[in-house]
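Here is a short report on one protein chain. Keep the structure in view while you read, and look up each part as it is named.

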Amino acid sequence: YCLGSGLSWEPRSRAVEQVHLRCTEGSLEWMYPARALRVVLEPNLSSARHTTVCIKPASDFQGASIYVERAGQLHLVVSEAEGARPHHVSCFSAHTPQRVALFLQASPQRDISRRTASFQYELLSNQSAAGPDFKKMALVEAMCRPCDNVELLLAICSSDFVVKGSIRNVSHDSENHMSQVDVSVQKVYRQKNRIFQQDEASGEWRGPIRTLLQCKVKKGGGVFLFTGNEHFGEAWLGCAPRFKDFLFIYGAARGRGANPCEFQLD
(Lines give C-alpha, C1' and ligand atoms only; values in the text may rest on other atoms or scores of the structure.)
Protein backbone atom coordinates (compact mmCIF):
# COMPACT_ATOMS: atom_id res chain seq x y z
CA TYR A 1 0.00 0.00 0.00
CA CYS A 2 1.38 3.41 -0.98
CA LEU A 3 0.01 6.79 0.18
CA GLY A 4 1.13 10.23 -1.01
CA SER A 5 -0.06 13.80 -1.52
CA GLY A 6 0.58 16.39 -4.19
CA LEU A 7 0.59 19.08 -1.49
CA SER A 8 4.01 17.93 -0.26
CA TRP A 9 5.79 18.92 -3.47
CA GLU A 10 7.67 22.14 -4.02
CA PRO A 11 5.28 24.63 -5.69
CA ARG A 12 7.73 25.64 -8.43
CA SER A 13 9.10 22.18 -9.07
CA ARG A 14 8.45 20.68 -12.49
CA ALA A 15 9.92 17.31 -11.60
CA VAL A 16 7.79 14.20 -11.95
CA GLU A 17 7.59 12.38 -8.63
CA GLN A 18 8.55 8.72 -8.94
CA VAL A 19 7.38 5.77 -6.83
CA HIS A 20 8.63 2.16 -6.97
CA LEU A 21 6.27 -0.64 -5.91
CA ARG A 22 7.83 -4.07 -5.55
CA CYS A 23 4.80 -6.25 -4.78
CA THR A 24 2.82 -8.28 -7.31
CA GLU A 25 -0.39 -6.72 -5.98
CA GLY A 26 -1.19 -3.65 -3.92
CA SER A 27 -2.78 -0.23 -3.96
CA LEU A 28 -1.83 3.42 -4.35
CA GLU A 29 -3.61 6.49 -3.00
CA TRP A 30 -2.61 9.91 -4.39
CA MET A 31 -4.37 12.73 -2.56
CA TYR A 32 -4.64 16.24 -4.01
CA PRO A 33 -3.09 15.16 -7.34
CA ALA A 34 -0.70 17.75 -8.77
CA ARG A 35 1.38 17.67 -11.95
CA ALA A 36 2.38 14.04 -12.55
CA LEU A 37 3.37 10.86 -10.79
CA ARG A 38 5.36 7.99 -12.31
CA VAL A 39 4.67 4.61 -10.70
CA VAL A 40 7.07 1.79 -11.49
CA LEU A 41 5.77 -1.71 -10.77
CA GLU A 42 8.96 -3.63 -10.16
CA PRO A 43 8.21 -6.99 -8.48
CA ASN A 44 11.20 -8.50 -6.75
CA LEU A 45 11.08 -11.72 -8.77
CA SER A 46 13.65 -13.49 -10.89
CA SER A 47 11.02 -15.18 -13.09
CA ALA A 48 9.24 -13.46 -15.97
CA ARG A 49 5.86 -15.13 -15.47
CA HIS A 50 3.89 -11.99 -14.57
CA THR A 51 2.82 -10.74 -17.98
CA THR A 52 -0.54 -9.01 -17.46
CA VAL A 53 -1.30 -5.95 -15.33
CA CYS A 54 -4.84 -5.17 -14.13
CA ILE A 55 -5.89 -1.89 -12.51
CA LYS A 56 -9.10 -1.24 -10.59
CA PRO A 57 -9.76 2.44 -9.80
CA ALA A 58 -11.54 3.27 -6.55
CA SER A 59 -15.20 4.24 -6.86
CA ASP A 60 -14.27 7.82 -5.85
CA PHE A 61 -11.27 8.04 -8.24
CA GLN A 62 -10.80 11.72 -9.10
CA GLY A 63 -8.21 14.20 -10.21
CA ALA A 64 -6.02 12.21 -12.61
CA SER A 65 -5.82 9.83 -15.54
CA ILE A 66 -3.63 6.74 -15.73
CA TYR A 67 -1.35 5.93 -18.66
CA VAL A 68 1.06 3.07 -19.32
CA GLU A 69 4.47 3.76 -20.83
CA ARG A 70 5.34 1.75 -23.92
CA ALA A 71 8.42 2.40 -26.04
CA GLY A 72 8.64 5.97 -24.81
CA GLN A 73 4.97 6.72 -25.51
CA LEU A 74 2.01 7.03 -23.14
CA HIS A 75 -1.17 5.02 -23.73
CA LEU A 76 -4.35 5.86 -21.80
CA VAL A 77 -5.51 3.08 -19.46
CA VAL A 78 -7.98 4.82 -17.12
CA SER A 79 -9.50 8.25 -17.73
CA GLU A 80 -10.82 10.29 -14.83
CA ALA A 81 -14.39 9.74 -16.06
CA GLU A 82 -13.96 5.95 -16.04
CA GLY A 83 -12.75 5.90 -12.45
CA ALA A 84 -16.28 6.29 -11.09
CA ARG A 85 -17.59 3.14 -12.79
CA PRO A 86 -18.17 0.35 -10.25
CA HIS A 87 -16.24 -2.89 -10.78
CA HIS A 88 -14.38 -1.31 -13.73
CA VAL A 89 -11.06 -3.07 -14.25
CA SER A 90 -8.52 -2.36 -17.01
CA CYS A 91 -5.98 -4.99 -18.02
CA PHE A 92 -3.05 -4.78 -20.43
CA SER A 93 -0.04 -6.85 -21.40
CA ALA A 94 3.30 -6.03 -19.82
CA HIS A 95 6.03 -5.87 -22.45
CA THR A 96 8.73 -6.13 -19.79
CA PRO A 97 7.35 -8.30 -16.98
CA GLN A 98 9.88 -7.21 -14.34
CA ARG A 99 9.27 -3.48 -14.85
CA VAL A 100 6.00 -1.76 -15.76
CA ALA A 101 5.78 2.04 -15.66
CA LEU A 102 2.48 3.84 -15.09
CA PHE A 103 2.10 7.59 -15.50
CA LEU A 104 -0.58 9.48 -13.52
CA GLN A 105 -1.36 12.87 -15.03
CA ALA A 106 -3.21 15.22 -12.69
CA SER A 107 -6.25 16.97 -14.17
CA PRO A 108 -6.26 20.79 -14.22
CA GLN A 109 -8.18 22.30 -11.30
CA ARG A 110 -8.91 25.82 -10.10
CA ASP A 111 -9.29 25.18 -6.39
CA ILE A 112 -7.65 23.02 -3.76
CA SER A 113 -10.70 20.86 -3.01
CA ARG A 114 -9.80 17.35 -2.05
CA ARG A 115 -9.49 14.82 -4.84
CA THR A 116 -8.02 11.35 -4.53
CA ALA A 117 -6.69 9.19 -7.35
CA SER A 118 -6.68 5.76 -5.76
CA PHE A 119 -6.43 2.35 -7.41
CA GLN A 120 -5.56 -1.28 -6.80
CA TYR A 121 -3.30 -3.28 -9.08
CA GLU A 122 -2.46 -6.93 -9.70
CA LEU A 123 0.28 -8.49 -11.79
CA LEU A 124 -1.00 -11.74 -13.26
CA SER A 125 0.60 -14.68 -14.98
CA ASN A 126 -0.68 -16.13 -18.25
CA GLN A 127 -2.14 -18.99 -16.24
CA SER A 128 -4.65 -16.65 -14.58
CA ALA A 129 -5.22 -14.07 -17.30
CA ALA A 130 -6.96 -15.08 -20.50
CA GLY A 131 -6.93 -11.70 -22.22
CA PRO A 132 -6.96 -7.91 -21.85
CA ASP A 133 -10.43 -7.87 -20.31
CA PHE A 134 -11.24 -8.49 -16.63
CA LYS A 135 -14.19 -10.71 -17.51
CA LYS A 136 -11.80 -12.88 -19.54
CA MET A 137 -9.27 -12.73 -16.72
CA ALA A 138 -11.80 -14.43 -14.48
CA LEU A 139 -12.80 -16.88 -17.18
CA VAL A 140 -10.10 -19.38 -16.25
CA GLU A 141 -11.46 -19.55 -12.70
CA ALA A 142 -15.12 -19.50 -13.79
CA MET A 143 -15.11 -22.01 -16.59
CA CYS A 144 -18.89 -22.55 -16.76
CA ARG A 145 -18.36 -26.31 -16.77
CA PRO A 146 -17.53 -28.93 -14.16
CA CYS A 147 -13.82 -29.35 -13.52
CA ASP A 148 -12.30 -32.68 -14.42
CA ASN A 149 -10.62 -34.74 -11.68
CA VAL A 150 -7.12 -33.39 -12.35
CA GLU A 151 -8.31 -29.76 -12.29
CA LEU A 152 -10.18 -30.39 -9.05
CA LEU A 153 -7.22 -32.03 -7.30
CA LEU A 154 -4.99 -29.12 -8.35
CA ALA A 155 -7.62 -26.58 -7.25
CA ILE A 156 -7.68 -27.80 -3.65
CA CYS A 157 -3.89 -27.37 -3.52
CA SER A 158 -3.48 -23.98 -5.17
CA SER A 159 -6.73 -22.01 -4.76
CA ASP A 160 -6.87 -18.85 -2.66
CA PHE A 161 -9.94 -20.23 -0.90
CA VAL A 162 -11.39 -23.69 -0.27
CA VAL A 163 -14.66 -23.86 1.69
CA LYS A 164 -17.39 -26.42 2.31
CA GLY A 165 -20.93 -25.11 2.25
CA SER A 166 -24.26 -24.63 0.56
CA ILE A 167 -25.81 -21.94 -1.65
CA ARG A 168 -27.98 -19.44 0.26
CA ASN A 169 -28.81 -17.20 -2.70
CA VAL A 170 -27.74 -16.29 -6.23
CA SER A 171 -28.08 -12.72 -7.59
CA HIS A 172 -27.29 -11.42 -11.06
CA ASP A 173 -25.77 -8.12 -12.23
CA SER A 174 -26.41 -7.89 -15.97
CA GLU A 175 -24.71 -4.49 -16.31
CA ASN A 176 -21.36 -5.82 -15.10
CA HIS A 177 -21.90 -9.35 -16.50
CA MET A 178 -21.46 -10.91 -13.06
CA SER A 179 -23.36 -13.24 -10.75
CA GLN A 180 -22.88 -13.46 -7.00
CA VAL A 181 -23.28 -16.70 -5.08
CA ASP A 182 -23.91 -16.18 -1.37
CA VAL A 183 -22.56 -19.20 0.48
CA SER A 184 -23.48 -20.57 3.88
CA VAL A 185 -20.18 -22.06 5.05
CA GLN A 186 -19.83 -25.22 7.12
CA LYS A 187 -16.02 -25.28 7.14
CA VAL A 188 -13.26 -22.97 5.91
CA TYR A 189 -10.28 -25.06 4.84
CA ARG A 190 -8.34 -22.10 3.47
CA GLN A 191 -8.83 -18.45 2.63
CA LYS A 192 -6.30 -15.83 1.64
CA ASN A 193 -8.22 -12.94 3.16
CA ARG A 194 -11.29 -12.68 5.37
CA ILE A 195 -13.96 -12.91 2.68
CA PHE A 196 -15.77 -15.66 4.57
CA GLN A 197 -16.68 -14.39 8.03
CA GLN A 198 -18.85 -15.37 10.97
CA ASP A 199 -22.08 -13.43 11.42
CA GLU A 200 -22.14 -12.06 14.97
CA ALA A 201 -25.90 -12.39 15.38
CA SER A 202 -26.47 -15.91 14.02
CA GLY A 203 -22.97 -17.36 14.43
CA GLU A 204 -23.19 -18.63 10.85
CA TRP A 205 -20.19 -18.38 8.54
CA ARG A 206 -21.01 -16.70 5.24
CA GLY A 207 -19.34 -15.22 2.20
CA PRO A 208 -19.95 -14.02 -1.39
CA ILE A 209 -18.37 -15.65 -4.45
CA ARG A 210 -18.47 -14.02 -7.87
CA THR A 211 -18.71 -15.73 -11.23
CA LEU A 212 -19.57 -14.77 -14.80
CA LEU A 213 -23.17 -14.09 -15.73
CA GLN A 214 -22.77 -16.35 -18.76
CA CYS A 215 -22.20 -19.30 -16.43
CA LYS A 216 -25.92 -19.11 -15.53
CA VAL A 217 -25.41 -20.22 -11.94
CA LYS A 218 -28.64 -21.21 -10.21
CA LYS A 219 -29.49 -21.89 -6.61
CA GLY A 220 -29.32 -25.61 -5.89
CA GLY A 221 -29.54 -27.80 -2.83
CA GLY A 222 -26.78 -29.92 -1.35
CA VAL A 223 -23.31 -29.38 0.06
CA PHE A 224 -20.47 -28.28 -2.23
CA LEU A 225 -16.72 -27.72 -2.03
CA PHE A 226 -16.16 -24.19 -3.34
CA THR A 227 -12.69 -23.29 -4.61
CA GLY A 228 -11.35 -20.29 -6.50
CA ASN A 229 -9.06 -17.30 -6.48
CA GLU A 230 -9.22 -13.71 -5.29
CA HIS A 231 -8.99 -10.63 -7.49
CA PHE A 232 -9.08 -7.17 -5.91
CA GLY A 233 -10.44 -8.51 -2.65
CA GLU A 234 -13.26 -10.48 -4.27
CA ALA A 235 -13.62 -14.28 -4.42
CA TRP A 236 -14.04 -15.72 -7.93
CA LEU A 237 -15.48 -19.19 -8.39
CA GLY A 238 -13.31 -22.03 -9.65
CA CYS A 239 -14.12 -25.70 -9.21
CA ALA A 240 -17.25 -26.37 -7.13
CA PRO A 241 -18.09 -30.10 -7.01
CA ARG A 242 -20.65 -31.63 -4.70
CA PHE A 243 -18.80 -32.52 -1.52
CA LYS A 244 -19.63 -36.22 -1.72
CA ASP A 245 -18.20 -36.35 -5.27
CA PHE A 246 -15.05 -34.60 -4.09
CA LEU A 247 -14.60 -37.12 -1.29
CA PHE A 248 -14.80 -40.00 -3.76
CA ILE A 249 -12.35 -38.38 -6.24
CA TYR A 250 -9.83 -37.41 -3.56
CA GLY A 251 -10.05 -40.79 -1.82
CA ALA A 252 -9.43 -42.65 -5.07
CA ALA A 253 -6.47 -40.42 -5.99
CA ARG A 254 -4.94 -40.75 -2.55
CA GLY A 255 -5.28 -44.53 -2.74
CA ARG A 256 -3.25 -44.47 -5.98
CA GLY A 257 -0.76 -41.96 -4.59
CA ALA A 258 -1.91 -39.53 -7.29
CA ASN A 259 -3.03 -36.68 -5.03
CA PRO A 260 -0.82 -33.60 -5.68
CA CYS A 261 -1.14 -32.45 -2.04
CA GLU A 262 -2.50 -33.66 1.28
CA PHE A 263 -5.94 -32.25 2.06
CA GLN A 264 -7.15 -32.22 5.66
CA LEU A 265 -10.64 -33.73 5.61
CA ASP A 266 -13.26 -33.36 8.35
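## The chain as a whole

Buried residues make up 46% of the 266 residues in this chain. The model is a predicted one. Its chain has three helices and 16 strands.

How much of the contact in the chain links residues far apart in sequence? Take the contacts with a separation of 6 or more: 69% of them join residues 24 or more positions apart. The accessible surface of the chain is about 14200 Å². Carbon and sulfur atoms account for 48% of that surface.

## A sheet of five strands

Now find the open sheet. Five strands build it, in the order β2-β4-β9-β6-β7. The pairing in this sheet is mixed. Which strands stand at the edges? They are β2 (17–21) and β7 (73–78). Each has a single partner strand, so one side of each is left without a neighbour in the sheet. From one strand to the next, the twist averages 30°.

Start at the β2 edge. β2 and β4 (residues 36–41) run parallel, and five bridges join them. Within this pair, V19 stands opposite V39 in β4.

## The antiparallel part

Move on to β6 (residues 64–70). Five bridges join β6 to β9 (residues 100–106), and these two strands run antiparallel. Here I66 stands opposite L104 in β9.

β6 also pairs with β7, again in the antiparallel sense and over five bridges. In this pairing, Y67 stands opposite L76 in β7. The two strands form a hairpin, with two residues between them. One residue in the turn is A71, which has a positive phi of about 50°.

I66 pairs across to β9, while Y67 pairs across to β7. As you look along the strands, keep one rule in mind. In a regular strand, side chains alternate between the two faces of the sheet.

## Helix α2 and its two sides

Next, turn to α2 (residues 149–158). Which residues of this helix are buried? They are L152, L153, A155 and I156. Seen down the axis of α2, these buried residues fall within an arc of 155°, so they line one face of the helix. The face turned away from that buried side carries the exposed residues V150 and S158.

What covers the buried residues of α2? The cover includes strands β11 (161–173), β12 (178–191) and β15, along with helix α3 (243–256). Look also at the start of α2. There, a side-chain oxygen of D148 reaches to within 3.2 Å of the backbone nitrogen of V150.

## Strand β11 meets a loop

V170 is found in β11. Is V170 buried or exposed? Its relative accessibility is 15%, so V170 counts as buried, the limit being under 20%. Leaving aside neighbours within four places in sequence, V170 is in contact with Q180, V181, V217, K218 and K219. V170 and V217 are 47 residues apart in sequence, yet their C-alpha atoms are 7.3 Å apart in space.

K218 lies in the loop between β14 and β15. At 69% relative accessibility, K218 counts as exposed, because exposed means over 50%. Not counting residues up to four places away in sequence, K218 touches I167 and V170. So this contact joins the exposed K218 to the buried V170. K218 and H172 are 46 residues apart along the chain, and their C-alpha atoms are separated by 9.9 Å.

## Two loop residues with positive phi

K216 lies in the loop between β14 (205–212) and β15 (224–231). Phi of K216 is near 55°, a positive value in a residue other than glycine. With 66% relative accessibility, K216 counts as exposed.

F232 lies in the loop between β15 and β16 (234–237). What is the phi of F232? Phi is near 55° for F232, again a positive value in a residue other than glycine. At 8% relative accessibility, however, F232 counts as buried. To set the two side by side: K216 is exposed, and F232 is buried.

Conventions:
Residues numbered from 1 in each chain as written. Predicted model: local features only at pLDDT ≥ 70, side-chain atom pairs only at ≥ 80, totals over all residues. Heavy atoms only, no water. Pairing = 2+ DSSP bridges. Helix = DSSP H or I, 4+ residues; strand = E, 2+ residues; numbered from the N terminus. Axes fitted to C-alpha atoms, helices over the stretch in contact; angles between N-to-C directions. Buried < 20%, exposed > 50% of the residue type's maximum accessible area, 1.4 Å probe, protein only. Contact = heavy atoms within 4.5 Å. Areas by Shrake-Rupley, 256 points an atom, 1.4 Å probe, with all protein chains shown as cover. Arc of directions from axis to C-beta. Polar contact = N/O pair within 3.5 Å; in protein donor to acceptor, adjacent residues only side chain to side chain.
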